[in-house]
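Trainee: I would like a close look at a single part. Please pick one strand and follow its surroundings outward.

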Amino acid sequence: MRTNRAEKKRAALREGLEAERPFVAVGAHDAMSSQLIGSYGFDAVWVSGFAVATMAHALPDLNLTTMTEALEAAVRIDGATDLPVLADCDNGFGGLSNVVRTVIEYERAGIAGICVEDNLFPKRNSLYTGESKRELVPVEEQARRIRAGKAAQETDSFVFVARVEALIAGHGVEAACERADAYADAGADAILIHSKDKSLGEIEGFLGSWGGLGKTPLVAVPTLFPDYTDQELYDKGFSMIILANHPMRAAVGAMEQVLDTLRRERKASAVDPHIAPVDHIFELVGTKEAIALEESGG
């Protein structure tokens, strides 16, 4: 029996979460960034909700993009890569029924898995450093949502990652452990634990206290503690490491530099040393092969 594309990707994601080495995903904001991630030997693609809101819509990451918009982006990103795709679905775009619909729609679309956090709707981005009121969904309710989402799956292979925001919200290690336990018991396939503590002290506290370590795969997003390698984080207990938004930030930085140079120099050649040649773009998307197929006559 031939295994379809979605099932192959889901199997790869599950195998990666159980592998005896770090499983590294990089965040994509569009199809091209997704394709490039695969070209550089990474293991998976993360559909960054932050990046999709920012790059596709020029909106802040505050639940202003809808589930349909986020899913459309995930489908384009998934179509451009053979790697498994894990999609950031914020807080499931609403309440329990929204979480259930999110699971159903992403699974039917062929995505390998989703990540849902316990921030209340509308969410606040975890990286935002300004003053911001942050409240979480009560732990029992979030567990109920996860349980309902898992029950709605049509396959056993679709992956549900539960993101714990207790450390980000200042609730402490004990609360983070309570939530991780509740979400794992509700059927989450992996737990993503996040923290703003660059020293990794909070994370170390969680790793030293959580009874699920070694039983349920852990996921790290080391944007705020970037000096640790994927192997170092794996050695601490993380199965999957997500480099969540670096291609997006690279793209913005490069575009700003090029636009500034064009504004000052007023001629296209001024930026030629700093941008990809047109022929390279043609090569990336298989232009030559597409023309050859069109002209082959069969």
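Mentor: What follows starts at strand β4 and moves to its neighbours and the core.

This is a predicted model: local features need pLDDT of at least 70, side-chain atom pairs count only at pLDDT 80 or more, and totals for chains, interfaces and linings use all residues. Residues are numbered from 1 along each chain as its sequence is written, and side-chain values use heavy atoms, with hydrogens and water left out.

Helices (H or I, at least four residues) and strands (E, at least two) are DSSP runs, numbered from the N terminus. Buried means under 20% relative accessible area, with exposed over 50% and partly exposed in between (1.4 Å probe, protein chains only).

Take β4, residues 113-117. Five of its five residues are buried, so the strand is largely enclosed by the rest of the structure. Both faces are covered. G113, C115 and E117 lie on one side. I114 and V116 lie on the other. In a regular strand the side chains alternate between the two faces of the sheet.

Now the partners. Two strands pair if DSSP finds at least two bridges between them. β3 and β4 run parallel, joined by three bridges. Here L86 stands opposite G113. β4 and β5 also run parallel, with five bridges. There C115 faces V161 of β5.

The connection comes next. β3, helix α5 (residues 96-108) and β4 form a right-handed β-α-β unit. Right-handed means that, with the strands pointing away from the viewer, the path from the first strand over the helix to the second runs clockwise.

β4 also supplies a core residue. A nonpolar core is a set of buried Ala, Val, Leu, Ile, Met, Phe, Trp, Tyr and Cys residues joined through side-chain atoms within 4.5 Å. The largest one has 56 residues. I114 is among those with the most contacts inside it, as are Y106, Y183 and I191. Apart from this core lies another, of 18 residues, including L13 and M240. In soluble globular proteins, nonpolar side chains tend to be buried together.

Follow I191 from there. Contact means heavy atoms within 4.5 Å. Leaving out residues up to four places away in sequence, I191 touches V161, the residue opposite C115. A180 and Y183 are also among its contacts.

Those two are buried residues of helix α7, which spans residues 173-185. The cover over the buried residues of α7 includes β5 (159-164) and β6 (190-193). After α7 comes G187, with a positive phi near 115 degrees.

Technical notes:
The expected span of a helix is 1.5 Å times one less than its number of residues.
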